[in-house]
Amino acid sequence: MQKGRLIVISGPSGTGKGTICRELLKSKDLDLSISMTTRAPRSGEIDGVHYYFVSREEFAETVENGGLLEHAEIYGNFYGTPRAAVLERLDKGRDVLLEIEMDGAVQVKKSYPDAVLIFILPPSLEVLKKRLTGRGTETPEQIETRTSRALAEIHRIYDYDYSIINDRLEDAVSDVRTIIRAEHLKVGSGSEQLVRQYEEEK
Ligand code: 5GP
């Protein structure tokens with residue numbers, strides 16, 4: 001059996017990466033990694049579904065025990081990817097999706113070089129601004145800050161394996177699926193097994 005692929009998606013806030021991930025997960029051949037966080041649940045968020053909500057002490061203990069594949073601090077809260085759950089799924093041949101910010105993505109690539117890092121881009125900064133304005137949750141100053149941060153993040157695109165411009169949602173989702181498919185066809189660490197199969201057959 002072929003090992004699953006670890007797919008990491010990140011991108012500036014407002015690029016629609018969350019929507020892309022939700023669409024991808026509808027197909028059932030991809031498992032979402034549920035992160036651990038110290039931030040408080042928002043209304044409607046369920047422990048063990050959206051996140052594992054833990055105390056700072058519990059988080060620190062998990063880091064200490066090597067229980068996280070990566071972790072990062074964002075706006076004063078800690079977030080991290082539980083290591084065992086991800087590796088077990090990959091071993092079972094399941095593809096696993098991580099939707100995490102960029103520092104975490106880079107850490108994942110370091111500790112798991114086969115991870116596939118995908119960066120989601122807005123069609124333009126103008127469109128990004130419009131999307132953020134449309135949410136109605138941010139003040140003009142916050143939108144300016146987020147736009148500047150987005151630009152700084154876009155400069156880090158070279159840490160990624162692939163980039164996708166999210167103009168039409170269906171196209172962006174289809175692009176991610178194409179990447180996953182191509183990654184399965186790639187000659188790599190799982191190929192010895194394939195060669196062995198032919199050897200055994202002879
Ligand atoms: P939120 O608090 O809005 O759910 O998430 C804030 C940010 O944390 C988002 O950019 C999200 O991608 C990122 N994030 C969520 N889980 C993780 C994680 O496990 N590790 C890292 N590094 N970032 C995460």
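This dialogue goes through the ligand site and several individual residues of a predicted model.

Biologist: Where should one begin with the ligand, and which residues come nearest to the ligand?

Modeller: One begins with the shell of residues around the ligand. Here that shell holds 14 residues, and Ser35, Arg39, Tyr51, Tyr79 and Glu101 come nearest.

Biologist: How many residues of the shell are nonpolar, polar or charged?

Modeller: The shell divides into five nonpolar, four polar and five charged residues.

Biologist: Which polar atoms of the protein lie opposite oxygen atoms of the ligand?

Modeller: A polar contact is read from pairs of N or O atoms within 3.5 Å. In this model, Ser35 places a polar side-chain atom 2.6 Å from a ligand oxygen. Gly80 takes part through its backbone, with an N or O atom 3.1 Å from an oxygen atom of the ligand.

Biologist: Which residue has a polar side-chain atom beside a nitrogen atom of the ligand?

Modeller: That residue is Glu101, and the distance is 2.6 Å. As for the cover given to the ligand, the ligand on its own has 510 Å² of accessible area, and the protein covers 84% of that area.

Biologist: Where does the ligand sit, and which elements give two or more residues to the shell?

Modeller: The ligand sits in the largest pocket. The elements that give two or more residues to the shell are β5, residues 68-74, and β6, residues 77-82.

Biologist: Let us turn to Arg39, which is among the residues that come nearest to the ligand. Is Arg39 buried or exposed?

Modeller: The relative accessible area of a residue is compared with a cut-off, and a value under 20% means buried. Arg39 is buried because its relative accessible area is 8%. Arg39 lies in the loop between β3 (36-37) and β4 (52-53). The side chain of Arg39 is also joined to the side chain of Glu45 by a polar contact of 2.8 Å.

Biologist: Ala40 is found in the loop between β3 and β4 as well. Is Ala40 buried or exposed?

Modeller: The cut-off for an exposed residue is over 50%. Ala40 has 55% relative accessibility, so Ala40 counts as exposed. In space, the C-alpha atom of Ala40 is separated by 21 Å from that of Arg135, which is 95 residues away along the chain.

Biologist: How does one read backbone angles, and what is the phi of Lys28?

Modeller: One looks at the sign of phi and at the residue type. Lys28 is not a glycine, yet its phi is positive, at about 70°. This residue is found in the loop between α1 (17-25) and β2 (30-32). Lys28 is exposed because its relative accessible area is 63%.

Biologist: What is phi near in Tyr75, and where is Tyr75 found?

Modeller: Phi of Tyr75 is near 45°, again a positive value in a residue other than glycine. Tyr75 is found in the loop between β5 and β6. With a relative accessible area of 60%, Tyr75 is exposed.

Biologist: Which polar atom lies 2.8 Å from the side chain of Ser191?

Modeller: The partner is the backbone nitrogen of Gly188, which lies 2.8 Å from a polar atom of that side chain. Ser191 is found in helix α8, which comprises residues 191-201. The relative accessible area of Ser191 is 18%, so this residue is buried.

Biologist: How does one compare separation along the chain with separation in space, and how far apart are Val86 and Leu98?

Modeller: One sets the sequence separation beside the C-alpha distance. Val86 and Leu98 are twelve residues apart in sequence, and their C-alpha atoms are 9.3 Å apart. Val86 belongs to helix α3, residues 83-91, and at 1% relative accessibility Val86 counts as buried.

Biologist: How far apart are Arg149 and Pro12 in sequence and in space?

Modeller: Their sequence separation is 137 residues, and the distance in space is 7.7 Å, C-alpha to C-alpha. Arg149 has its place in helix α6, residues 140-154. With a relative accessible area of 32%, Arg149 is partly exposed.

Biologist: What separates the C-alpha atoms of Ala115 and Leu32?

Modeller: These C-alpha atoms are separated by 14 Å, and the two residues are 83 residues apart along the chain. Ala115 lies in the loop between α4 (102-111) and β8 (116-121). Ala115 is buried, with a relative accessible area of 2%.

Terms used
Residues numbered from 1 in each chain as written. Predicted model: local features only at pLDDT ≥ 70, side-chain atom pairs only at ≥ 80, totals over all residues. Heavy atoms only, no water. Near = heavy atom within 4 Å. Polar contact = N/O pair within 3.5 Å; in protein donor to acceptor, adjacent residues only side chain to side chain. Areas by Shrake-Rupley, 256 points an atom, 1.4 Å probe, with all protein chains shown as cover. 1 Å grid on protein atoms, 1.4 Å probe; cavity = no way out; pocket = protein on both sides within 12 Å on 5 of 7 lines; lining within 4 Å. Sits in = over half its atoms within 2 Å of the grid points. Helix = DSSP H or I, 4+ residues; strand = E, 2+ residues; numbered from the N terminus. Nonpolar A, V, L, I, M, F, W, Y, C, P; charged D, E, K, R; others polar. Buried < 20%, exposed > 50% of the residue type's maximum accessible area, 1.4 Å probe, protein only.
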